[in-house]
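Please open the model in your viewer and keep the selection tool at hand. The tour below goes from one selection to the next and says what is found at each stop.

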Amino acid sequence: MRSRLQLAHTALLDAEALSAARSLLFEVFAPEMTQEDWEHALGGLHALIWDGEELIGHAAVIQRQLIYEGRALRTGYVEGVAVRAEHRRQGHGTRLMAALDPVIRSAYELGALGSTDVAAAMYEAAGWICWQGPTAGLTPEGTIPTPEEDGSIYVLQPTPPLEATRALTCDYRAGELW
């Protein structure tokens, strides 16, 4: 059976699709996945790959603001990119990202995501670049450095491109900032 790609906003997904997406993310990212991580993937556009009735891949783009050189950039932030283990290395991750690419390029000033070491090569092959500058996050206590994220944040460059060695700061959210 051929897999099918579905693009839909969170508000248009039924309870079964949302439950399948949540279960997939908790399976792929166990034991680190949290309810807050799941909530970070909600409120935007989801790319879903189905093999019959089984959800085998998910990615979402949500709106955030990243601060660069004192300017808040409307950012399409990619969350929850996951492919079921037995379906990996078959192009599904690339297909998910390709579905989100035109959305990010047309609706946002910048694309961004946090990557694992395993997925970095896929993002680089799709034209994403690793942010080389220091990262930080806005919090209720003020701006705090996030050195643990340095080297794992990737951006889809706007035109003209940003200087990727400068500081980049993300907006506040509960749980993991990036």
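What follows is a walk through strands, cores and pockets of a model that is predicted.

**Stop one: the strand S3.** Begin by selecting strand S3, residues 54-68, and look at what surrounds it. Of the 15 residues of S3, 11 are buried, so this strand is largely enclosed by the rest of the structure. Now add strand S2, residues 45-51, which pairs with S3 in the antiparallel sense over seven bridges. To find the register, pick Ile-49 and look across to Gly-57 in S3, which stands opposite. The two strands form a hairpin with two residues between them, and Gly-52 in that turn has a positive phi of about 65°.

**Stop two: from S3 to its other partners.** Select strand S4, residues 71-83, which runs antiparallel to S3 and is joined to it by 11 bridges. Arg-64 is a useful place to check this pairing, since its bridge partner in S4 is Thr-75. Here again there is a hairpin with two residues between the strands, and the turn residue to highlight is Glu-69, with a positive phi of about 55°. S3 also pairs with strand S10, residues 168-170, in the antiparallel sense over two bridges, and in this pairing Leu-66 stands opposite Cys-170.

**Stop three: S4 and S5.** Stay with S4, which is mostly covered, with 10 of its 13 residues buried. Adding strand S5, residues 110-114, brings in a parallel pairing with S4 over four bridges, in which Val-78 stands opposite Leu-113 of S5.

**Stop four: the nonpolar cores.** Keep Val-78 selected and show its contacts. Leaving aside residues up to four places away in sequence, Val-78 touches Ala-60, Val-61, Met-97, Leu-100, Ile-104, Ala-112, Leu-113 and Trp-128. Which residues have the most contacts inside the largest nonpolar core? They are Val-78, Tyr-123 and Trp-128, in a core of 22 residues. The elements that give two or more residues to this core are S2, S3, S4, H3, H4 and strand S9, residues 153-156, and the largest share, five residues, comes from H3. Apart from this core lies another of 16 residues, and Leu-110, Leu-162, Leu-168 and Trp-178 are among them.

**Stop five: the largest pocket.** Next, turn on a surface and look for the largest pocket, which has a volume of about 1,100 Å³. Its lining consists of 34 residues, and those to select for its centre are Phe-29, Val-81, Gly-114, Thr-116 and Tyr-123, which lie nearest to it. Helix H1 (15-28), helix H2 (35-40), S4, helix H3 (92-107), S5 and helix H4 (120-125) are the elements that give two or more residues to this lining, and the largest share, six residues, comes from S4. Coloured by class, the lining divides into 14 nonpolar, 12 polar and eight charged residues.

**Stop six: the second largest pocket.** Finally, select Arg-4, Gln-6, Leu-13, Asp-14, Glu-16, Ala-17, Trp-50 and Glu-53, which line the second largest pocket. Strand S1 (4-9) and H1 are the elements that give two or more residues to this lining. The space in this pocket is about 150 Å³, and its lining has three nonpolar, one polar and four charged residues.

Technical notes: Residues numbered from 1 in each chain as written. Predicted model: local features only at pLDDT ≥ 70, side-chain atom pairs only at ≥ 80, totals over all residues. Heavy atoms only, no water. 1 Å grid on protein atoms, 1.4 Å probe; cavity = no way out; pocket = protein on both sides within 12 Å on 5 of 7 lines; lining within 4 Å. Points joined across faces, edges and corners; volume = space filled by probe spheres on them. Nonpolar A, V, L, I, M, F, W, Y, C, P; charged D, E, K, R; others polar. Core = buried A, V, L, I, M, F, W, Y, C linked by side-chain atoms within 4.5 Å. Buried < 20%, exposed > 50% of the residue type's maximum accessible area, 1.4 Å probe, protein only. Contact = heavy atoms within 4.5 Å. Pairing = 2+ DSSP bridges.
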